[in-house]
Amino acid sequence: MSSKQPDQPIRFHSFPYSGHCHRVALLLSDLQLPHETINVDLANKAQKSEAFLAMNPFGQVPVIQDGDVTISDSLAILTYLSERYGAGRWAPRTPIEAAEIQRWFALAAGTLAFGPAAARASKLFNAPVDLPAAQARSLALFDVVDRHLAQRDYLARQSLTLADLAFYAYVARAPEGGVSLDPYSHIRSWLARVESMPRFVPMPEFPKR
Ligand SMILES: N[C@@H](CCC(=O)N[C@@H](CS)C(=O)NCC(=O)O)C(=O)O
């Protein structure tokens, strides 16, 4: 259990099939932080309600409320939770580690979001996405990441870091966007390593229509 604990359960505004939210779910679970998950009804635009926009004017999940602190954006939330509750385990220990994690965070907010995450959103949620372009972007990303993981066990360092949490869900679920992981054996081994973390929680399967 994390040495520091919140005074009251963290309120976690989430959507169960969101990889962005799953990143946060993984860290809350690993740190064993008491929390209450509030599922936001994205289909009915609850994220655009006045109350939600007061927490995140961009109208997106995830958002957390930790006492009087409100943080939105999955990568900002990972940073906050690791700095506040994960010292010694998740918070970067050296300038190089901090820089490496930022490098993968930038990719998570860029190519991962506009590649595999976008392709999946198109297939599962009919998001207005150029699907072939998102799939091509995914393959270009996975080609590099697979070669990277041929040399090391985890993305940023030789052990699990926030970078792995940030990347996991949208890589694992890339096949839902029509992007096969079959050619990427090093990526598949890495996914299994992330899944073997002691308090790993899976992202629920989106119900088939
Ligand atoms: N940069 C944001 C992106 C979050 C995001 O894309 N959230 C999606 C769900 S995966 C969302 O709330 N979509 C609803 C909308 O945009 O209206 C983060 O990392 O948290």
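## A walk along the domain contact

Let's start where the two halves of the tour meet: domain 1 and domain 2 together bury about 1100 Å², and 71% of that lies on carbon and sulfur atoms. Keep in mind as you click around that this is a predicted model.

To see who supplies that area, select R23, L26 and L75 and show their side chains. These residues account for 42% of what domain 1 buries against domain 2, more than any other three residues.

Now colour the domains. Select 10-85 for domain 1 and 95-195 for domain 2, as the domain assignment has them. If you place a marker at the centre of each, using C-alpha atoms, the markers sit 21 Å apart. Next, pick out the residues in contact: you should get 13 from domain 1 and 12 from domain 2.

What about polar links across the boundary? Look for residue pairs in polar contact between domain 1 and domain 2, both at pLDDT 80 or more, and there are 4. Try salt bridges between the two domains and the count is 0.

Stay on the domain 1 side and switch to a cartoon view. Select helix 1 (19-30), then helix 3 (74-85): each gives at least two residues to the side that touches domain 2. Which helix gives the largest share of that side? Helix 1 does, with 6 residues.

For a last stop, colour the domain 1 side of the contact by residue type. You'll find 6 nonpolar residues, 6 polar ones and 1 charged.

Definitions and conventions:
Residues are numbered from 1 along each chain as its sequence is written. This is a predicted model: local features need pLDDT of at least 70, side-chain atom pairs count only at pLDDT 80 or more; totals for chains, interfaces and linings use all residues. Side-chain values use heavy atoms; hydrogens and water are left out. Domain bounds come from an automatic or database domain assignment. Contact means heavy atoms within 4.5 Å. Buried area is the accessible area (1.4 Å probe) that two parts lose on being put together, summed over both. A salt bridge is a side-chain nitrogen of Lys or Arg within 4 Å of a carboxyl oxygen of Asp or Glu. A polar contact is a pair of N or O atoms within 3.5 Å; within protein, one must be able to donate a hydrogen and the other to accept it, and residues adjacent in sequence count only if both atoms are side-chain atoms. Helices (H or I, at least four residues) and strands (E, at least two) are DSSP runs, numbered from the N terminus. Ala, Val, Leu, Ile, Met, Phe, Trp, Tyr, Cys and Pro count as nonpolar, Asp, Glu, Lys and Arg as charged, and the others, Gly among them, as polar.
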